[in-house]
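Got the viewer open? Here's a short tour, with something to select at each stop.

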Amino acid sequence: MSADTQTTLRTKRKFLGLSGFGWMRASWFYVFIAPWFLGFLAFTVIPVAVGMLMSFTNFTGTNFDTYKFIGLANYSEAFGEFFTDGIAWYALSRTGLFAIVTIPINIVLSLLIAILLTRNIRGKGFFRTLFYIPSIIPVVASVWIWKALMDNNYGVVNAVLNEIVPNTYIRWLTEYPFHVLVMWSVWAGVGGAVIIFMAGIQGVPAELEEAARIDGANNFQMFRNITAPLLTPVIFYQFIVGIIGSLQILTQPLLLAPRAVQAGIATLPPRENYMFMIHIYQESFVRQRYGYGSSLLWILFFFILILTIVMTYTSKYWVYYEVNPEDK
Amino acid sequence: MKKSSSWRVFAMVALLAILLTACGGNAAPTAAPEQPAAPAATEATAATEAPAVAEPVKLVVMAGEDELSQDIIDAYVAANPGVTIERIDPDATKLAAMIVAGEQLDVIAGSGADTSAYADRGWVLDLTPYFAKSELLKADDMVPSVEYFRYKGGWYGMNKDWSPDQSFFISKTAAAEAGIELPPAQTIITWAQAADWARKMTKSEGGRVTRVGMAYSDYWDGTVQTILMENGEDLYSEDFSKANIKDNPTVVAFLTLMAELAKDNAIFNPLNPSPEWVVPDLLNGRAASADNGYWIQGGFHDAENPVVAPADYVMYPALSWGGKVTANPALGGAGWFISAKTENADAAWKFFEYYMGGAPALNRAQIGWGLPALKSLYAEIPATEEWQKQYIENVQWEQANTIQTPRRINPYYSTGVFNTTWQANLERYLKGEITIEEAIANLDAEVNKAIADGIAVAK
Amino acid sequence: MNKKPLNPGRVFERFSLYAVIIALTVIFILPIIWMLISSVKAETDFMRWPILWFAPVPKWSNYVQVLTNPKYGFMKGLLNSTILALIFSIPNVISSAIAGYAFARMKAPGRNGFFIILMAMMIPASVTVIPQFVLYSRLGLINNYLLWFLWGLAGSPFQILLFRQFFASFPKELEDAAAIDGAGPIRTFFQIFLPNAQPVMAVTFLFAFSWVWGDWFHQAFYLSGEKATLAMKLATAFTDPKGNPIVTLTLAGLVIYALPLIIVYFLMQKQLVQGIVTTGLKG
């Protein structure tokens with residue numbers, strides 16, 4: 001998209017569009033990105049390639065010396081689950097539901113807060129900071145906070161409800177764990193989006209607003225016709241980040257599972273929070289089927305990739321980009 | 001221009017250097033900065049020819065901090081100059097990767113249930129010759145659960161302590177409250193009886209369960225196996241290729257009974273889980289009875305300000321299904337192995353021996369956190385309080401009168417599959433999504449699939 | 001701006017605006033307040049039903065316990081977390097700045113391989129747990145903070161993106177002027193661009209620091225024993241001598257654990273927001 005940026009290079013076309021001088025300048029680019037790229041190779045590409053190979057094997061996490069290549073068996077098993085309403089499909093559908101519920105709530109709520117906070121109020125910076133605090137609290141800390149709030153037996157939410165309607169007893173963490181997970185994710189995710197949306201709203205050029213005011217536009221029309229279109233790239237960005245993040249959700253449901261004493265990667269959360277990554281961990285670490293687990297990871301990866309591409313492709317119908325004449 | 005290109009040369013060289021160090025990792029000398037120090041040290045000792053000073057040796061032990069405390073390490077290191085011990089946290093995957101990658105690892109803490117798998121993969125050392133020579137660790141001094149560490153004629157390790165894991169504890173006060181007349185000690189109680197009591201002792205307040213009748217310890221596969229032992233049956237077929245769950249009436253009846261108890265909240269369950277675990281549940285009055293091992297008394301003994309006094313609990317033999325006999329073996333055995341890849345086998349054994357038969361073993365016996373794996377240490381078990389004496393009496397009675405044969409460990413799958421699958425299906429049953437028959441059928445299918453997968457991999 | 005007369009309707013509007021904002025803020029902040037309140041309770045008071053809202057006497061000794069009881073190793077964990085976070089963040093910021101600069105202002109064949117970064121962002125990190133372990137083990141990086149240094153050196157896609165967006169906004173006259181002065185790319189970057197990038201550096205540093213500070217998975221997987229960090233220690237509850245969790249004590253530890261981030265955020269608010277304003281706006 002608008003990824004291309006202007007550079008000052010003006011050179012004659014020779015090899016791959018660059019002259020000798022151009023190549024000399026260009027080689028600096030490679031030097032500059034070398035640390036990142038080498039790290040990318042070492043920490044991502046190589047392990048990922050190995051992970052890909054692993055998905056074609058019956059690797060159990062321990063049979064390093066005796067594993068076998070079993071072709072597409074892992075993938076056909078996974079897709080079989082999808083078409084027969086198996087557990088992998090269930091996990092994927094829970095994850096999809098989580099994304100569908102969380103992302104819009106997050107975006108609408110943070111946009112709403114951002115609009116309120118940009119309405120010429122006192123201490124907006126202070127409020128903005130307060131909304132952001134949940135985002136910077138480490139996950140290990142915030143899970144304890146949410147358990148203290150929502151605990152079935154001594155949680156503060158049940159206590160409050162009990163004051164209003166005596167003898168209320170809701171088993172949040174075991175019967176409504178999905179609700180808790182969504183609330184927690186929204187609570188922890190809104191602050192960052194608020195900052196970005198506020199900036200977007202404040203970034204609307206004053207001249208545009210003045211002009212609209214002179215034309216007699218009211219607040220809603222201003223938002224509908226000026227602010228909202230200018231915010232669409234930000235919303236789009238939030239969507240993409242939201243999809244990537246929420247489809248991979250893992251740590252939160254793991255840590256939120258009841259029985260705080262030994263939270264580990266093999267923890268089984270309540271069924272409502274049985275997310276796709278949890279299923280992968282169950283298959284890999286409890287059932288020691290790393291090969292199958294890897295194939296599930298790759299399926300998730302391609303699923304996310306396709307969604308992102310579709311989103312990007314359709315974005316031109318609803319995302320407003322400032323036209324940069326130098327881009328063409 | 002000139003300056004700039006010299007910069008570029010520098011940058012390229014730096015880049016190359018990074019590349020080389022990154023790729024040349026297996027060329028050991030550059031990768032390990034501590035490496036040069038070691039040869040220097042040996043050279044020095046060789047030069048001075050120091051007599052009788054043991055060669056410096058570092059042992060890497062994979063064990064939890066709770067079982068291998070820093071105090072034990074410090075004491076051993078102080079008594080054995082030249083020895084250093086590095087403890088790393090246990091983790092199954094890390095263990096496998098470390099062994100295959102050839103990382104140094106000398107002693108491995110693990111469950112006796114892992115013996116067959118570890119031995120088959122050649123990860124652990126057959127310690128038979130060491131045991132044969134040992135003054136501290138003698139075969140005839142050991143308890144039955146050490147069997148878990150023997151496999152196909154090899155002897156690969158031993159447990160640090162043990163416990164008959166499924167004895168039954170019940171609160172006298174809670175029983176009296178519910179109008180239950182408790183039988184004398186050492187009576188075999190049936191599951192049906194205990195379930196009935198559990199329902200009677202369960203208390204709730206406005207939908208909130210304030211006390212469950214029984215805190216079940218979630219040894220699902222273990223309990224199923226032990227109740228089948230009463231009739232000489234087993235959960236698994238002879239060759240371990242099949243688990244018989246849905247077609248075995250006893251197993252179905254047991255799982256159904258427990259599911260009904262869960263539905264009535266008479267036991268902790270996926271919808272109403274215990275906030276902690278058995279010991280605090282009992283001592284805080286959240287549970288009126290529990291199935292658990294002798295382990296429990298260690299927790300009881302050291303509890304500060306318990307709501308319910310430990311003396312309030314009577315220990316009975318393991319619950320019985322049929323009511324005539326009962327089985328209460330250790331379900332596994334937390335112990336140690338020595339890595340087959342160790343380069344310090346003798347030093348590792350020395351530490352192993354110290355831990356299993358030396359001061360730490362004595363200390364464990366005296367604390368009473370589990371029963372000693374060596375019969376000779378039984379005299380050290382704490383028995384100052386009346387209730388402790390009752391517990392020991394019960395343990396001794398159980399050793400004489402109940403089935404103590406170790407259960408058969410299926411080498412093809414992890415019993416975690418049994419437990420997590422059952423928990424998941426129990427949850428669905430409690431939410432009314434499936435019937436109990438479907439839950440049991442699912443468990444049967446999943447467990448047998450896991451076994452089949454395991455067999456396919458092993459071939 | 002032009003002042004509007006205060007009429008009752010407008011007063012009501014202002015009032016309800018503040019009311020909504022304050023209500024929302026309270027909802028967001030109460031969980032944290034509850035953590036603070038609970039951290040000075042005795043465990044039995046915390047577990048009490050009906051609920052005991054406030055401890056009769058604040059049990060400050062929870063904090064003293066956490067900080068001083070050697071059993072919990074809190075100070076050691078605190079030190080380790082700090083060191084680890086710094087080891088990662090410093091190279092991470094510098095590396096990301098350099099790469100972001102290259103993506104923003106240098107042209108070379110294959111630059112659009114930048115899209116790969118986005119893809120790399122999406123690869124579930126856990127895809128690689130096993131192969132990575134074997135790899136790092138070969139390189140002697142297990143239970144070694146050097147691993148975090150190398151991870152830092154590799155930069156991170158999001159940080160690179162932030163720098164890229166930031167540097168892209170600079171006027172190109174800057175480079176032209178530098179070129180006229182005869183400055184090479186390195187000087188141009190370090191003397192002209194980087195000094196002007198302080199807001200983003202502050203932001204990226206905070207991001208990097210809090211990523212490591214708050215990360216539990218990688219630390220739990222790769223570190224152990226003496227090298228254990230605060231996140232590892234706090235993931236499971238502090239326990240009494242017999243293994244019973246003491247949630248209130250754990251909460252006290254968590255307050256100390258989370259507080260530095262909150263304070264740093266308050267101190268750096270301006271740069272952080274400004275940084276996001278400049279960089280996060282365009283995806």
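The stops below go through chain B, then the contact of chains A and C, then a residue of chain C; keep in mind that this is a predicted model.

**Stop 1: a sheet in chain B.** Select strands S11, S8 and S12 of chain B: they form an open sheet of three strands, in the order S11-S8-S12, with antiparallel pairing. The edges are S11 (289–292) and S12 (313–316), each of which pairs on one side only. Look along the sheet and you'll see a twist that averages 20° from one strand to the next.

**Stop 2: S8 against S11.** Now zoom in on S8, residues 167–171 of chain B, which runs antiparallel to S11(B) and is joined to S11(B) by four bridges. Which residue of S11(B) stands opposite Ile170(B)? Pick Ser289(B) and you have the partner.

**Stop 3: the helix across the sheet.** Add residues 386–401 of chain B, which make up helix H16. This helix lies across S8 and S12 of chain B, and runs at about 10° to S12(B).

**Stop 4: where C meets A.** Show chains A and C together: 82 residues from chain C and 82 residues from chain A take part in the contact. Colour chain C's side by residue type and you get 61 nonpolar, 13 polar and eight charged residues.

**Stop 5: Phe166(C).** Stay with chain C and select helix H8, residues 157–168, where you'll find Phe166(C). Is Phe166(C) buried or exposed? It's buried, because 25 other C-beta atoms lie within 10 Å, and the cut-off for buried is 20 or more. To finish, draw a C-alpha to C-alpha line from Phe166(C) to Val203(C): the two are 37 residues apart in sequence and 12 Å apart in space.

How values were computed: Residues are numbered from 1 along each chain as its sequence is written. Chains are lettered from A and ligands numbered from 1 in the order in which they are written. This is a predicted model: local features need pLDDT of at least 70, side-chain atom pairs count only at pLDDT 80 or more; totals for chains, interfaces and linings use all residues. Helices (H or I, at least four residues) and strands (E, at least two) are DSSP runs, numbered from the N terminus. A residue is buried if 20 or more other C-beta atoms lie within 10 Å of its own, exposed if 12 or fewer, and partly exposed in between; C-beta atoms are placed from the backbone. Two strands pair if DSSP finds at least two bridges between them. Axes are lines fitted to C-alpha atoms, for helices over the stretch in contact, and angles run from 0 to 180 degrees between N-to-C directions. Two residues are in contact if their C-beta atoms, placed from the backbone, lie within 7 Å. Ala, Val, Leu, Ile, Met, Phe, Trp, Tyr, Cys and Pro count as nonpolar, Asp, Glu, Lys and Arg as charged, and the others, Gly among them, as polar.
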